Amino acid sequence: MITTKDLTKVYRSRGREVTALDGVDLHVRPGEVYGVVGTSGAGKSTLIRCVNMLERPTSGSVTVDGVELTALPGGENRAGRELREARRRIGMVFQHFNLLSSRTAQENVELPLEIIGLDRTERRRKAAELLDLVGLADRARSYPGQLSGGQKQRVGIARALAGDPKVLLSDEATSALDPETTRSILALLRDLNRQLGLTVLLITHEMDVIKSVCDSAALMRGGRIVEAGQLTDLLATGGSRLARDLFPLGEFASGHPGRTVLEITFQGDAPAQPFVSQLARTYQIDINILGAAVETVADRMVGRMRVELPGGHQDNVVPIGYLREQGLQVEVLDGKGAAA
Ligand SMILES: Nc1ncnc2c1ncn2[C@@H]1O[C@H](COP(=O)(O)OP(=O)(O)OP(=O)(O)O)[C@@H](O)[C@H]1O
């Protein structure tokens, strides 16, 4: 649904050049919630602004719903007709809501409908329907100043849906909200994704946002995507940095010298515990459990267990093979708790 190929954006100001995007290949499938995470300055905002051509990329291509936006004339402030039309099918939600304070909630949602020339009755009907969809039917006549942060963001989301978009872009939509309101806005985005089949691309610096709402994620650093994939695949990938951030286990004991420390990851309904006791029985070995944790990631249960086996890696090739044959993801750690 969204593809970028070798996307580059170089800002030039006062003789200085900043490469904000450095060859980004992004692939967001139809109907998924895709999160881009990274520290400040990684290039996340630039990426999302290039996807709807609020910024024109320096090079590379952006394709949304089969239309190559980078091939259409105009951009940034002076978009041509085709680009304006394509953009209408891409909704955008902002961190600071960007509502007009002199207009009521209803009038804010009507704004994009005015721009496309919908008549007054139709505008009112559509805006009322959208406010109802985001759970704000009773605040239609309130001004932004009379609404809470969460309610303002609901208006922002209703406005973003006015053009019946297939794609919704969210630029840190929950960063200005408290944790409880964040949860309710993320739940709303998830509901809209499911009800309307909306593809959502969001950027965030919070791993919890990725964990609670995304199907797939990409990690950005220095203008590049350093890792990307579906969360369930990432969690099953040894050495994945995103998986470690999604499911940190730093507090587990690191084991004893001369023994083999394994980290076992299981997903869905395949708990590791029975396999570990079977392993102990089958190979007559004492297994020391150093730690275990279970989390819900992308609506799926994921567990991880760190265990210690007597002897070195070479002595445990067979038991490790046995665990892998059971469909468990097994990583052998070195003495310091890192992947060996
Ligand atoms: N309009 C601009 N002019 C010059 N440099 C810019 C401009 N916008 C962004 N940059 C630079 O591009 C780089 C990437 O910025 P960007 O805002 O995309 O990162 P980010 O990951 O979204 O960070 P944050 O989470 O802080 O918003 C940074 O070095 C930033 O200073």
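Two strands are said to pair when DSSP finds at least two bridges between them. The exercises below apply this to a predicted model.

**Exercise 1.** Determine how β1 and β2 are joined, and find which residue of β2 stands opposite K9.

*Solution.* Begin with the count of bridges: β1 and β2 are joined by 10 of them, and at least two are needed for strands to pair. The two strands run antiparallel, and L21 is the residue of β2 that stands opposite K9. Next, look at the connection, where two residues lie between the strands of this hairpin and R14, in the turn, has a positive phi of about 45°. Finally, turn to the other pairing of interest, in which β1 and strand β4 (residues 59-64) are antiparallel over five bridges, with V62 of β4 as the bridge partner of T4.

**Exercise 2.** Describe the shell around the ligand by its residues, their classes and the elements that supply them.

*Solution.* Start from the 13 residues around the ligand, of which Y11, A20, S40, S45 and T46 come nearest. Sorted by class, the shell holds four nonpolar, eight polar and one charged residues. Then ask where they come from: β1 (2-13), β2 (16-28) and α1 (44-51) each supply at least two residues, and α1 gives the most, with three.

**Exercise 3.** Decide whether helices α3 and α4 are roughly parallel, roughly perpendicular or oblique to each other.

*Solution.* The axes of α3 (residues 105-115) and α4 (residues 120-133) are 9 Å apart, and the helices pack at an angle of about 125°. Angles of 65 to 115 degrees count as roughly perpendicular and those over 145 as roughly antiparallel, and α3 and α4 are therefore oblique to each other. Their crossing is right-handed. The contact involves residues of both helices, among them V109 and L113 of α3 and L130 and L131 of α4; by class, this contact has seven nonpolar, one polar and four charged residues.

**Exercise 4.** Work out which strands stand at the edges of the open sheet formed by β14, β15, β13 and β16.

*Solution.* Write down the order first, which is β14-β15-β13-β16, with antiparallel pairing. β14 (288-297) and β16 (329-333) each have a single partner strand and stand at the edges, so one side of each is left without a neighbour in the sheet. The twist from one strand to the next averages 15°. For β16, the joining strand is β13 (residues 260-267), through five bridges, and E263 has E331 as its bridge partner in β16. Helix α11 (residues 317-325) packs on the sheet, where it touches β13, β15 (300-309) and β16, and its direction makes about 150° with that of β16.

Methods. Residues are numbered from 1 along each chain as its sequence is written. This is a predicted model: local features need pLDDT of at least 70, side-chain atom pairs count only at pLDDT 80 or more; totals for chains, interfaces and linings use all residues. A residue is near a molecule or strand if its C-beta atom, placed from the backbone, lies within 6 Å of it. Helices (H or I, at least four residues) and strands (E, at least two) are DSSP runs, numbered from the N terminus. Ala, Val, Leu, Ile, Met, Phe, Trp, Tyr, Cys and Pro count as nonpolar, Asp, Glu, Lys and Arg as charged, and the others, Gly among them, as polar. Axes are lines fitted to C-alpha atoms, for helices over the stretch in contact, and angles run from 0 to 180 degrees between N-to-C directions. Angles under 35 degrees count as roughly parallel, over 145 as roughly antiparallel, 65 to 115 as roughly perpendicular and the rest as oblique. A crossing is left-handed if the near helix is turned anticlockwise from the far one by less than a right angle, and right-handed if clockwise. Two residues are in contact if their C-beta atoms, placed from the backbone, lie within 7 Å.
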